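The following exercises concern a structure that is to be examined alongside its sequence. Each task is followed by a solution that proceeds step by step.

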Amino acid sequence: MAELKLPVSEKSVRDLEVGDFLELSGRMITGRDAAHKWLMEEYREEVAPFLKDTVIYHCGPVVNQKDDGSWEFIAAGPTTSIREEPYQADVIARYGLRGVIGKGGMAGRTLAGLGNSGAVYLHAIGGAAQVLARAIPRVEKVFMLDEFGVPEALWVIEVDRFPVVVTMDSHGGSLHDTIENGSKTKFDELLGRKG
Amino acid sequence: MFEQVDLKETFTELVRRASTDLPGEVVDAIRAGRNVEEDGSLAQKALDTILTNIVMADESSAPLCQDTGTPVVWIKYPVGVSTRRLEADFTEAVRRATKLKYLRPNAVDTLTGRNTGNGTGRAIPSIHFEEWDGPGLEVKMILKGGGSENVGAQYKLPDTGLEAGRDLEGVRRVVLDAVVQAQGKGCAPGVLAICIGGDRVSSFEHSKEQLLRSLGDTNPNPELAELEKRLMAEANELGIGPMGFGGKTTVLGVKIGVLDRLPACYFVTVTYMCWADRRAIVQIDEEGGLTWLS
Ligand code: SF4
C-alpha cells in the first residue's frame with residue numbers, strides 16, 4: 001500500500017489509478033451538502049487555501065470539544081457522495097482540489113471533472129467510524145460552524161495514514177461502473193435472459 | 001407490575017450494547033467473508049478495516065458507526081403493564097444514550113431541517129408492542145442505519161420488466177434485482193431482510209423483524225429455507241463485494257418472512273441492513289432480573 005502526502009501535486013494525482021489502496025497523511029478538509037452549495041455561491045477566499053491541492057472529505061463527524069476549547073473527532077465515517085454531484089466538478093475546478101473522499105462513488109459529471117482538473121475520487125470504508133476517527137489526530141480549524149452546525153461545517157483536519165481506495169481516476173476509470181456492469185451481466189445470466 | 005424496576009437504565013444499556021457491540025454471529029460472518037476473499041484484494045482490506053473497527057468500538061464502548069440509525073423496538077409485555085409507560089421510558093433511554101454519546105443526535109425535523117438534538121422525534125424511536133402470556137418483558141431492538149435504509153425496496157408482483165410472477169421464483173428475481181440496484185451503497189456486505197405479502201406498511205415492518213433472527217438460524221418453512229440459501233449464494237455471485245469494491249462477500253445473510261395478503265396485492269419488501277447489523281435483546285423478569293441475549 002502506498003502512502004500519499006497531502007498537499008499533493010497534480011502530477012502525482014494523475015499517476016493514480018482505479019484500484020490503488022492509499023494511506024493519506026497531511027491536511028484535508030470536510031464538507032458536505034451545505035458546504036458545497038456555499039463554496040459555489042461565491043469564491044470563498046478565506047477557505048480557498050485549505051482546499052488547494054488537497055482533498056475534501058464528505059463526512060458529518062461526531063465531535064467533542066475538550067476543556068481547553070479544542071476539538072476532536074470521535075466518529076468520522078464517510079457519507080454518501082452522490083448528493084454533491086451537481087457541485088463537485090465545479091468545486092474541484094474552482095478551488096484546485098486534488099480529490100474527494102466519500103462513499104458510494106459519483107457520476108459522469110464528476111468523472112469528467114476529475115479528468116479535466118487532475119483529481120481522484122477516494123472511497124473510504126463506510127461505517128468504519130472508529131478506525132477513521134483514530135486516523136484524524138488533530139482538528140486544526142473550523143469554518144461555518146455556527147451557520148451550518150457540526151455535521152455540515154467545514155473542518156480542517158490533520159490525518160495520519162487514513163485508508164482509502166481510488167475508485168474513480170483522472171483517466172476516466174470508474175470501479176463503480178466496472179462492478180455495476182459486471183453484476184448486471186451476472187444478474188441477466190442468473191435470470192436466464194440475454195443482456 | 002415493574003413499578004420498582006428501573007427500566008430506563010436497562011433500556012439505556014440495551015442501546016449501548018446495540019450501538020457498540022455487534023452480535024457474535026455477525027462478526028463471524030464478516031470474518032468468514034474475509035477469509036474467502038483473495039489475499040491482498042480490496043475486498044479483504046475493506047473487511048479487515050471493518051473487523052478492526054468492530055474491536056475498537058467494543059473496547060472503547062463507542063458507536064460502531066457514526067450513523068447510529070433509527071432505534072426500532074419490539075416489546076412483549078404481560079397483561080396489566082402500561083405501554084404508555086414503556087414508551088416513555090424507552091424514549092427517555094434514547095435521550096440518555098444520546099447524551100452519553102452511544103447515539104448521535106440523529107433525529108431531524110423533516111420540514112425545518114433542524115436537528116431535535118436529543119435523538120428522539122416523531123416515530124423515533126419506533127416501538128411495536130405485543131401483549132403476551134409471559135410474566136416478564138422481552139425487549140428486542142435493532143439500530144437501522146440510514147444509508148442502508150435508502151437502498152431498501154418494495155416490489156409488487158407481477159413485475160413484467162423482471163419477468164417476475166406471483167411465486168417464489170418471482171420473489172427470487174426481484175430480490176436479486178434489489179441487490180444489483182443497491183450495489184455497495186448500503187455499506188455492503190449487508191443482510192437482506194425480506195417480507196413476502198402483507199400491505200405496504202406491514203410488509204416493511206415484518207421485513208425489519210427478520211433482522212431479529214440469528215444469522216445462523218434455519219427458516220422453519222423448508223421452501224423458504226431453500227430460497228434463503230439460494231439467494232445468499234446467488235447474491236454473492238454478483239461480484240459486488242464489500243463497499244462495492246468487487247469480491248465474493250456481498251451479503252452476509254438472507255432472512256425471509258411471510259404475511260398473508262389481499263387477492264389484489266403481492267408485495268415483496270427488501271430491507272437492506274448494512275454490515276453494522278446492530279441488534280440487542282433483553283428479558284426482564286418481575287423482580288427486575290435481566291437476561292441479555294443478542
Ligand atoms: S449504511 Fe450502516 S454502516 Fe453504512 S454509514 Fe449507514 S449505518 Fe453506517
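**Exercise 1. A residue with an unusual backbone angle**

Determine whether Met243(B) is buried or exposed, and describe its backbone and its place in the chain.

Solution. The model is a predicted one.
- Step 1: Met243(B) has a relative accessible area of 2%. Buried means under 20%, so Met243(B) is buried.
- Step 2: The residue is located in the loop that runs between α8 (222-235) and β6 (251-258) of chain B.
- Step 3: The phi angle of Met243(B) is near 60 degrees, which is positive although the residue is not a glycine.
- Step 4: As a general matter, most residues other than glycine have a negative phi.

**Exercise 2. A second positive phi**

State where Glu163(B) lies, and whether it is buried or exposed.

Solution.
- Step 1: Glu163(B) belongs to the loop between β4 (153-156) and α6 of chain B.
- Step 2: Its phi is near 50 degrees, again a positive value in a residue other than glycine.
- Step 3: The relative accessibility of Glu163(B) is 52%. The cut-off for exposed is over 50%, so Glu163(B) counts as exposed.

**Exercise 3. Cis peptide bonds**

Describe the peptide bonds from Ile124(B) to Pro125(B) and between Ala188(B) and Pro189(B), and locate the two prolines.

Solution.
- Step 1: The bond from Ile124(B) to Pro125(B) has omega near 0 degrees and is cis.
- Step 2: Pro125(B) is placed in the loop between α4 (83-99) and β2 (126-131) of chain B.
- Step 3: Ala188(B) and Pro189(B) are likewise joined by a cis bond, with omega about 5 degrees.
- Step 4: Pro189(B) is in the loop between α6 (168-182) and β5 (190-196) of chain B.
- Step 5: For context, most peptide bonds are trans.

**Exercise 4. A lysine in a helix and a leucine in a loop**

Classify Lys208(B) and Leu111(B) by accessibility, and describe the surroundings of each.

Solution.
- Step 1: Lys208(B) is part of helix α7 (residues 200-209) of chain B.
- Step 2: Its relative accessibility is 12%, so Lys208(B) counts as buried.
- Step 3: Beyond its neighbours within four places in sequence, Lys208(B) makes contact with Val72(B), Trp74(B), Ile142(B), Lys144(B), Glu149(B) and Thr271(B).
- Step 4: Leu111(B) sits in the loop between α4 and β2 of chain B.
- Step 5: At 82% relative accessibility, Leu111(B) counts as exposed.
- Step 6: The C-alpha atom of Leu111(B) is separated by 37 Å from that of Thr49(B), and the two residues are 62 apart along the chain.

**Exercise 5. Two buried loop residues of chain A**

Which residues do Glu152(A) and Ile136(A) contact, leaving aside neighbours within four places in sequence?

Solution.
- Step 1: Glu152(A) is found in the loop between α6 (145-148) and β9 (154-168) of chain A. With 17% relative accessibility, Glu152(A) counts as buried.
- Step 2: The contacts of Glu152(A) are Arg32(A), Asp33(A), Ala34(A) and Ala35(A).
- Step 3: In the case of Ala34(A), the backbone nitrogen is 2.9 Å from a polar atom of the Glu152(A) side chain.
- Step 4: Ile136(A) is in the loop between α5 (129-134) and β8 (138-143) of chain A, and counts as buried at 5% relative accessibility.
- Step 5: Ile136(A) touches Phe73(A), Ala76(A), Ile157(A), Glu158(A), Val159(A) and Phe162(A).
- Step 6: Between the C-alpha atoms of Ile136(A) and Leu175(A), 39 residues apart along the chain, the separation is 26 Å.

**Exercise 6. The two chains as a whole**

Why is each chain judged as compact as a globular protein of its length?

Solution.
- Step 1: Chain B contains eight helices and nine strands. Its radius of gyration, 19 Å, is close to the 19 Å given by the globule rule for 294 residues, so chain B is as compact as a globular protein of that length.
- Step 2: In chain B, 56% of the 294 residues count as buried.
- Step 3: Chain A contains seven helices and nine strands. Its radius of gyration is 17 Å, close to the 16 Å that the rule gives for 195 residues, so the same verdict holds for chain A.
- Step 4: Of the 195 residues of chain A, 57% count as buried.

Note on methods. Residues numbered from 1 in each chain as written. Chains lettered and ligands numbered in written order. Predicted model: local features only at pLDDT ≥ 70, side-chain atom pairs only at ≥ 80, totals over all residues. Heavy atoms only, no water. Helix = DSSP H or I, 4+ residues; strand = E, 2+ residues; numbered from the N terminus. Rg over C-alpha atoms; globule rule 2.2 N^0.38 Å. Buried < 20%, exposed > 50% of the residue type's maximum accessible area, 1.4 Å probe, protein only. Polar contact = N/O pair within 3.5 Å; in protein donor to acceptor, adjacent residues only side chain to side chain. Contact = heavy atoms within 4.5 Å.
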